[in-house]
Amino acid sequence: MASFCPHCGAEAPEEARFCMRCGRERAAPVDAEAPTASAAAPPPPASPPVPAAPPPPAFQPPSPPSYPSSYEIQPPYPPKPAGPARPSALGAFFGRAFRGDWAGAAQAALWPVGLLLISAVALAIPGYGQDSGDDDFVGFGDRLRIALTVLMHGLGGGFEVTAVSGGSSMFGDASDTSAGGSLELSMPPLLVAVLWCTALLIGVRMLRTRTLDARRAAGTWGPPPARTLGPEIAVRVGLLAMAGTVVLALFGQPTIQRVAFHTGPFLVALCTLALGMAVTVAVFQRADIAQWLAVRPGVAVASRAFGSAVRAMAWVLPLVLVAGFVVGIISDDGSDSSASDDASDATGGSVAAGIVMLLLYLPNLALTGLGFVWGAPLEMDLRGSSAFGGSRYEHDAYGLERLGDEVDGGAVVGVLAFGLVLALLIGVLVARRSRDRRELYLGGAFFYVMLLALTALSGFSMEASGSLADEVAFAGTGEGGVSMPELLLFGLLWVGGGIVAAPYLLRLTGFDTGLTGLTGPAAPFGTGPQALPPLGSPTAPPTPDDCHNLPTQTVGSVVPAPEAYAPHTVPPAPGPASASAGTGRRVGIWAGTLLGAFVIGGGVAAGVLLLQDDGDNGKDDAKDNQPVAAQTQQTQETQQTQEAQQTPEPQEPSASESASEFAGQDSAGPSQTPEIPDGYRQVVDVQGFSFAVPETWDRVGADDSGTQTTYAGGSGTEKYLVGVIPGADYTSYENLRNLERHLEKDKKKRNYQRLRLEENTFQGSAGAIWEYTYEDESGRTVHGIDQSYIAADGTEYAILLTGGDDVWSGLAETYRVGLDAWRLTDTD
């Protein structure tokens, strides 16, 4: 029968003594059959009973807390709440970069941005020959914005000029006809990028110094900076330098009198960001880069070779500029003013503008000069098409062969000698820093690749297109610079020859780099193992196979006493007996190889130069031999003409002179022989014309293009200027009108007065005549007259006579006689 605990009320079996829930002792059960009171009591004990010892307290475990039945029991330690996710390595890097010192980065980025602004102001200060009263005057603010556009071209941006259709423009007068066009120019000034990086380098080095000083001023160096400190600063400096440069690029896109100038801000941003980060990382992570290269020998060799090539380029280009400057001063005798006039026209007569523009393109000129002295000619290609003249193509080149024709052979020898000096200098500069042949050849390869890349960048190219009156469209392209195919060949020969010859040249001067292969670098005295003689020599140690042939000591033999030990005496190492002979043979072999390489290279260069001759030399030979040919090919008709023209006066030309002068005319076959008055003589020019000039006048020469020939006397400013333009796609009247506009804008020619400008017919061909006066810089009045016409073959001939207005009465008769005797001698 079940019973309940009197303490906690838990049910338990009746026979259980202790409660199974609370552990307490339960009361003893009441016996149902206990004796009644009437029953006899037991007899009392003889002594009082001893009470029993109480039982030990039972173990009572702590009772668990009671929870309502509607809740579940929770674990004793609940999990902590999840925190925010940690950023990735890239996110942490950018977080540190954007939380860094922006003020210091701004100070470093201010250097290149300030340099651009100062350079733009320097370019905008000159007036470029403008007059403030002109209608197309460009003010200082507009010139400043144009200068910024030019500078951005050197940092990767473009340079494009667009003329808006309709109305007036800065390139012409107002017109009702709509016209528009665009010109895209590519001629980046490399000096801008060099100066930009140099200015940023100065600012970053100052920032690095301030950063280290700030850590030192804290009293303790603290923990070492993170390895990402340089890239973090590079992000800030690069972004700020890019932002400042792009702001200037956006500002430098003016629109002046319907002509807009454009650059490429996006390309400028990319280039400046890359340059800024590269310069900053190189300055701040210099030690880490050195440690990284120390465990990578191959990359370290390439790095040293590239540095040697850069140093050689930095030495060679200034030498080319200095040599060109000296040659220009020596050769400038003032006789040929065409080049100076072109430069003056380009800068508007402003000397300051010319100097600034020259400084801006110094690296471009140096690279062009280096290619020229090594045999690569300067080329110019022009292609164009229009609705009037169709398609045209012009090509011009100036190389060593043309230099020899115009100057002499000594000039070519001097240029080649200077090229040899430059090649040897490059080899010496690279060899002195090279540790082995691999680094030497790698440095030469780096220089060769840099030369090709920089020369290609320093060239000139343009592309123009437009239309007139929405009906006449035109387009054209132009390219100029060093001929890259010739530079590819000649550059390899010169650089390779200099790299191979430099170690031997250094060895001859007493500086042995150990790169020649003839001798190795000597070890310091008293260090390193002594060189052992070769096997088989008398002093060589015995080999194991010869041990059984060694003599043995017998009884009675005398053993020599060992020499005293001298600790400070080093016995000399014996050398091979034939060392001198072998060294001399190697020197001869290498000298012969080097001489053969230069002979082969020179032969290849000469062959290429001869192949480039497209027949001009033949024409020049014909020109030089013309008098002899005329004397040997005289006909009976020519002799009769000479007899009819001879007079008893002593000033009349001799028979041989008359024959040589009229040989070309007779061969051309003119229908009428001109009558030459007294005091004049007929001249025949290689350009295909003949006319009469005063006896005291001679052919002075032709311009660089060969299209304008000058005849003048021994004194005074009177002269003939005859122009020959093949394939003229315009009328003579239009050409004279264009020349008149240029003359009106020429600041050196004041008080221009037109006497007449009208169309006419000259010898059966359509032409025009222009007569005018002006005052030159000395205040003298100059009188000029120009008869132009276009022959049947499309060639334009312009016969211009200029002289003083005070002697024009006699010059007018000279011009009349010259036009009456004018004949064409090259009209086959």
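1. Helices and strands. In this predicted model, the protein has 22 helices and 20 strands, so a reader should expect both kinds of element when tracing the chain. Of the 828 residues of the protein, 31% count as buried. The area that the protein exposes comes to about 50100 Å², and carbon and sulfur atoms supply 62% of that area.

2. Contacts along the chain. If one takes the contacts between residues at least 6 apart in sequence, 64% of them join residues at least 24 apart. It is worth keeping this figure in mind while reading the next points, where several of the pairs and groups bring together separate parts of the sequence.

3. The largest nonpolar core. This core holds 39 residues, and the members that touch the most other members are Met313, Leu370, Trp374, Leu422, Phe447 and Leu451. At least two residues of the core are supplied by each of helix H8 (297–331), helix H11 (362–373), helix H12 (400–406), helix H13 (409–433), helix H14 (437–457) and helix H15 (484–508). Helix H13 gives the largest share, with nine residues.

4. One residue of that core. Which residues does Leu422 touch, not counting residues up to four places away in sequence? With those neighbours set aside, Leu422 touches Val316, Leu319, Val320, Leu370, Val373 and Trp374. Two of these, Leu370 and Trp374, are also listed with Leu422 among the members that touch the most others.

5. A second core. Separate from the core around Leu422, there is a second core of 38 residues, which includes Leu123, Leu155, Ile233 and Ile256.

6. Helix H1. In helix H1, which covers residues 89–98, the residues Phe93, Gly95 and Ala97 are buried. The buried residues of H1 pack against two helices, H2 (102–124) and H5 (229–251).

7. A salt bridge between two helices. Side chains of opposite charge can pair when their charged atoms come close. The structure holds 14 salt bridges, and one of them joins Glu439 to Arg304, with the closest N and O atoms 3.3 Å apart. Because Glu439 lies in helix H14 and Arg304 in helix H8, the pair ties together parts that are 135 residues apart in sequence. The two partners are covered to unlike degrees: Glu439 counts as buried because its relative accessibility is 1%, while Arg304, at 23%, counts as partly exposed.

8. A salt bridge within one helix. Glu406 forms a salt bridge with Arg402, and here the closest N and O atoms are 3.1 Å apart. An α-helix has 3.6 residues a turn, so residues three or four places apart point the same way. Glu406 and Arg402 are four residues apart in helix H12, so about one helical turn separates them. Is Arg402 buried or exposed? Its relative accessibility is 19%, and since buried means under 20%, Arg402 counts as buried, whereas Glu406, at 44%, counts as partly exposed.

9. A salt bridge between two strands, and a network. The side chains of Asp685 and Arg699 meet in a salt bridge, at 2.6 Å from N to O. Asp685 lies in strand S11 (residues 680–685) and Arg699 in strand S13 (residues 698–702), so this pair ties together parts that are 14 residues apart in sequence. Asp685 counts as buried, at 3% relative accessibility, and Arg699 counts as partly exposed, at 37%. Elsewhere, salt bridges that share partners join Asp396, Arg402 and Glu406 into one network.

10. Cysteines. A disulfide is a covalent bond between the sulfur atoms of two cysteines. How many disulfides does the structure hold? It holds zero disulfides. For Cys5, the closest cysteine sulfur is that of Cys19, and the separation is 3.7 Å, which is too far for a bond because the two sulfur atoms of a disulfide must lie within 2.5 Å. Cys5 counts as buried, at 4% relative accessibility, while Cys271 is partly exposed, with a relative accessible area of 31%.

11. A strand hairpin. Strand S16 (residues 750–762) and strand S17 (residues 765–775) pair in the antiparallel sense over 10 bridges. Within this pairing, Glu759 stands opposite Ala768 in S17. The hairpin of S16 and S17 has two residues between the strands, and Gln763 takes a positive phi near 50° there.

Methods: Residues numbered from 1 in each chain as written. Predicted model: local features only at pLDDT ≥ 70, side-chain atom pairs only at ≥ 80, totals over all residues. Heavy atoms only, no water. Core = buried A, V, L, I, M, F, W, Y, C linked by side-chain atoms within 4.5 Å. Buried < 20%, exposed > 50% of the residue type's maximum accessible area, 1.4 Å probe, protein only. Contact = heavy atoms within 4.5 Å. Areas by Shrake-Rupley, 256 points an atom, 1.4 Å probe, with all protein chains shown as cover. Salt bridge = Lys/Arg side-chain N within 4 Å of Asp/Glu carboxyl O. Pairing = 2+ DSSP bridges.
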